[in-house]
Structures are given as C-alpha cells and as structure tokens.
Amino acid sequence: MEKGIREAFGLPRRDLRTYSPLTLAFLGDAVYELVIRTVIVEQGSRPPKELHLASSRLVKAETQSRMAEALQEELTEEERAVYRRGRNAHPATTAKHATTGDYRRATGWEALMGYLYLSGRQERMLELIQQGCRLLGEQ
C-alpha cells in the first residue's frame with residue numbers, strides 16, 4: 001500500500017534512518033489502528049459503539065505495551081533497535097489512561113509498525129500483530 005501511495009503522490013523513497021522515532025510512531029499508530037479496525041469490521045457488522053469498544057481494547061497503550069513485551073524474542077535485531085528508539089524517545093505528551101512505562105513501550109511498538117510499513121514489510125508487520133493478538137488471547 002505504501003508503494004501505491006508513493007507512486008500516486010510522486011513521493012520519493014527516503015532513508016528510514018532519517019525519520020525520528022516519534023515520526024515513525026505517528027504513522028505506526030494509524031497503520032496499527034487501521035489493521036485492528038479492519039479485522040474487527042471483517043468479523044461482522046455491529047453497532048458503532050461495539051466496534052469502538054472492540055478496537056479500543058486492542059489499540060490502547062496498555063495492550064500495545066503487553067504485545068511489544070510478549071514479542072521481544074520474536075523481533076530481529078533491526079526491529080529491536082527500532083522499537084528501542086521509539087520506546088526511548090521523549091514525546092511531548094503523556095497518556096491519559098496509561099502508565100509512563102506502558103506509554104513508552106506502546107510508542108516503541110508504534111514506531112516499529114511505522115518502520116515496517118514504510119519499509120514495505122507489511123507482511124512482517126501483520127505477522128507480528130497477529131502473533132501479538134494470539135499471545136494476548138485476542139484472536
């Protein structure tokens with residue numbers, strides 16, 4: 001999908017090392033949520049409130065944090081490095097409903113999702129999300 005977006009808008013491919021971890025997390029947050037929403041919608045039509053509750057359970061910082069922790073051994077060294085950069089970044093905001101630790105680990109997870117998306121490795125991104133959901137008993 002990112003390749004199609006690049007082509008449609010005439011965007012050049014950039015070196016991913018030039019992106020800040022918070023920029024990667026900004027995109028990764030949206031990509032991760034789109035995957036989760038797609039899975040939930042494809043499970044069947046429901047009222048909007050139920051859709052929101054089902055998706056928010058999986059996209060909240062606490063769940064992302066648990067997913068990231070559960071998958072550490074599955075990550076490559078490159079993926080761990082991206083995750084650590086995101087986790088160690090200092091965002092200007094804090095989560096309203098999460099601990100600082102959960103928020104930082106969730107930011108690392110989102111940075112990894114953004115990195116995998118921009119690097120054209122959507123299959124790997126989906127594999128990690130699927131494994132994480134399985135490990136947390138969410139699938």
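This passage describes the helix α2, the largest nonpolar core and the largest pocket of a predicted model. Residues are numbered from 1 along each chain as its sequence is written. Local features were required to have pLDDT of at least 70 and side-chain atom pairs pLDDT 80 or more, while totals for chains, interfaces and linings use all residues, and side-chain values rest on heavy atoms, without hydrogens or water.

Helix α2 (helices being DSSP runs of H or I with at least four residues, numbered from the N terminus) has 22 residues, which at 1.5 Å a residue should span 32 Å, in agreement with the 31 Å between its end C-alpha atoms. Its buried residues (under 20% relative accessible area, 1.4 Å probe, protein chains only) include Tyr32, Val35 and Ile36, and the buried residues of α2 pack against α3, α4, α5, α6 and α7 (contact being heavy atoms within 4.5 Å). Just after α2, Gly44 adopts a positive phi of about 135 degrees.

The largest nonpolar core (buried Ala, Val, Leu, Ile, Met, Phe, Trp, Tyr and Cys residues joined through side-chain atoms within 4.5 Å) comprises 31 residues, of which Tyr32, Ile36, Trp109, Met113, Met125, Leu128 and Ile129 touch the most other members. Two or more residues come from each of α2 (21-42), α3 (48-59), α4 (61-70), α5 (77-88), α6 (100-118) and α7 (122-135), with α6 giving the most, eight residues. When residues up to four places away in sequence are not counted, Ile129 touches Tyr32, Val35, Ile36, Met67, Trp109 and Met113.

Key
Buried < 20%, exposed > 50% of the residue type's maximum accessible area, 1.4 Å probe, protein only. Expected span 1.5 Å × (residues − 1).
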